Amino acid sequence: EKSGADAEKVTYKVGTEPTFPPFDTTDEEQNIVGLDMDLIKAIGEDQGFEVTFENLSFDGLVPALKAGNIDIIAAGMNKDDKDRQAQVDFSDAYYESKLMVAVTADNETIKSVDDLTKDMKVAAQTGTTGANKTQKLQEAGKIKEAVILNGLDTAMLQLINGDVSAVINDKPVTEAYMKKQPDKIKMVGKPLNAENYGFAVQKGNTELLEKINAGLKNIKENGTFDKLVDEWFNK
Ligand code: GLN
């Protein structure tokens, strides 16, 4: 039985791009699930709000938030990016990540980003920090083409099929793809950056931002945060 107070709970629309496991993915019935979804749900439970999830392309998330079509972005989004900071407000960081170069498991020539050559295509997901790096490599004439794709699933498939020589993507997410398809993909070289994931709200929406930060702090203190991270990284 829902109490009167529960029935009046505000519901926020949370936007994500669900080819980013274990943070943002889909289950067998195509429901949007993942660590980001469970975290924002737990934060909502702590702070008295509910959430629904919207599937968008990664480069559509900031525009959708600015337009008010969604209220929150939960998408493994790097909060240190200056361009993004100019457009949205970020919560406190909830996860430290980094970009890595991924190649096929049997590749013996590419051992780091410096081994990428002028005849190679390199894939990344549109609008991401990985795409940014990949485009910079192309602009510097170090690779033939930055192949910018909508879904990371497509990027990984193109890598496995030999359509591209490498993928530049977030380490924990590439690791999730490695787990799904053992012995097909490996990561090489040193991290290309360091990033911190944050949830985003519309610029100036301090009321919602304060709720998210307070909820995040509480679920870290009560163990829920660690439990959810553990669950999603050990699936
Ligand atoms: N962390 C990367 C970024 O912020 C990629 C995020 C993603 O693909 N969901 O750009």
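Into which domains is the chain divided? In this predicted model, the chain splits into domain 1, made of residues 4-96 + 196-233, and domain 2, covering residues 99-188. Domain 1 is thus written as two stretches of sequence, 4-96 and 196-233. Taken over C-alpha atoms, the centres of the two domains sit 26 Å apart. The domains do touch each other: 15 residues of domain 1 are in contact with 17 residues of domain 2.

Next comes the ligand. Its shell takes in residues from both domains, with at least three from each of domain 1 and domain 2. There are 13 residues around the ligand, and the ones that come nearest are Asn78, Arg84, Gln125, Asp170 and Glu195. Sorted by class, the shell is a mix of 5 nonpolar, 5 polar and 3 charged residues.

A few atom pairs show how the ligand is held in place on paper, so to speak. On the side-chain front, a polar atom of Asp170 lies 2.6 Å from a ligand nitrogen. Arg84 also joins in through its side chain, where an N or O atom is 2.8 Å from an oxygen atom of the ligand. Gly76 uses its backbone instead, with an N or O atom 2.8 Å from a nitrogen atom of the ligand. And how much of the ligand does the protein bury? Taken alone, the ligand exposes 300 Å², and the protein buries 100% of that. As for the room the ligand takes up, that space is the largest cavity.

Methods. Residues are numbered from 1 along each chain as its sequence is written. This is a predicted model: local features need pLDDT of at least 70, side-chain atom pairs count only at pLDDT 80 or more; totals for chains, interfaces and linings use all residues. Side-chain values use heavy atoms; hydrogens and water are left out. A residue is near a molecule or strand if one of its heavy atoms lies within 4 Å of it. A polar contact is a pair of N or O atoms within 3.5 Å; within protein, one must be able to donate a hydrogen and the other to accept it, and residues adjacent in sequence count only if both atoms are side-chain atoms. Accessible areas come from the Shrake-Rupley method with a 1.4 Å probe; for residues, only the protein chains shown count as cover. On a 1 Å grid over the protein atoms alone, a cavity is a set of points where a 1.4 Å probe fits but cannot get out, and a pocket is an open set with protein on both sides within 12 Å along at least five of seven lines; lining residues have an atom within 4 Å of a point. A molecule sits in a cavity or pocket if more than half of its atoms lie within 2 Å of its grid points. Ala, Val, Leu, Ile, Met, Phe, Trp, Tyr, Cys and Pro count as nonpolar, Asp, Glu, Lys and Arg as charged, and the others, Gly among them, as polar. Domain bounds come from an automatic or database domain assignment. Contact means heavy atoms within 4.5 Å.
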